[in-house]
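Reader: I am new to this structure and should like to be guided through its fold. Might we proceed by question and answer?

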Amino acid sequence: MNFVSLRVITDDVARLVAFYERVTGTPAAWSAPEFAELRTESGTLAIAGSRTVALFGEGTARAAANHSVITEFRVGDVDAEHRRLAAHGCTFVQEPTTMPWGNRSLLLRDPDGNLVNLFTPVTEDAVRRQERPAPQAGSV
């Protein structure tokens with residue numbers, strides 16, 4: 001099995017897509033006015049409008065209601081990202097901090113209030129944990 005994407009439901013797709021494009025430097029691929037994806041080398045962040053929820057069953061998801069998931073992006077230099085985003089007026093939940101598990105992390109919120117962590121592994125153990133094995137033949 002291979003993790004492919006995380007989908008965020010929002011009432012304002014264009015606003016959320018613009019935020020993540022600015023943060024990641026990755027342009028979105030739009031499939032419909034209510035659905036866009038930011039595709040990275042290791043996974044995809046999908047952003048869908050609230051009207052799409054009915055396709056899965058009414059009430060299955062609710063925009064701007066997340067209090068348990070932190071979307072994380074590994075970056076080359078978290079301190080440089082902090083400077084870049086501060087120049088764009090971003091406000092931060094936590095300034096760059098080296099965590100006990102060896103990542104230097106920067107925490108902010110997207111326009112819907114979802115937590116976003118940008119991090120750089122800075123210890124040997126943290127770097128090693130970020131290495132991913134190649135997918136096995138026949139794996140999904």
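Author: The expected span of a helix is 1.5 Å times one less than its number of residues. Please bear in mind that the model discussed here is predicted.

Reader: What span does α1 reach from its first C-alpha to its last?

Author: Helix α1 is made of 12 residues. At 1.5 Å a residue, a span of 16 Å is expected. The helix comes close to that expectation, for its first and last C-alpha atoms lie apart by 16 Å.

Reader: On which side or sides of α1 do its buried residues lie?

Author: Buried here means under 20% relative accessible area. In α1 the buried residues are V13, L16, V17, F19, Y20 and V23. Because they cover an arc of only 160° around the axis, they lie on the same side of α1.

Reader: What is the order of the strands in the sheet?

Author: The sheet is open, has four strands and shows mixed pairing. Its edge strands, each paired on one side only, are β1 (5-10) and β2 (29-32). From one strand to the next the twist averages 20°. The order is β1-β4-β3-β2.

Reader: Which residue of β4 is the bridge partner of I9?

Author: Strand β4 covers residues 44-49 and pairs with β1 in the parallel sense, over six bridges. Within β4, the bridge partner of I9 is A48.

Reader: What angle does the direction of α1 make with that of β4?

Author: Helix α1 (residues 13-24) packs on the sheet and touches β1, β2, β3 (35-39) and β4. The direction of α1 makes with that of β4 an angle of about 160°.

Note on methods. Residues numbered from 1 in each chain as written. Predicted model: local features only at pLDDT ≥ 70, side-chain atom pairs only at ≥ 80, totals over all residues. Heavy atoms only, no water. Pairing = 2+ DSSP bridges. Helix = DSSP H or I, 4+ residues; strand = E, 2+ residues; numbered from the N terminus. Axes fitted to C-alpha atoms, helices over the stretch in contact; angles between N-to-C directions. Contact = heavy atoms within 4.5 Å. Buried < 20%, exposed > 50% of the residue type's maximum accessible area, 1.4 Å probe, protein only. Arc of directions from axis to C-beta.
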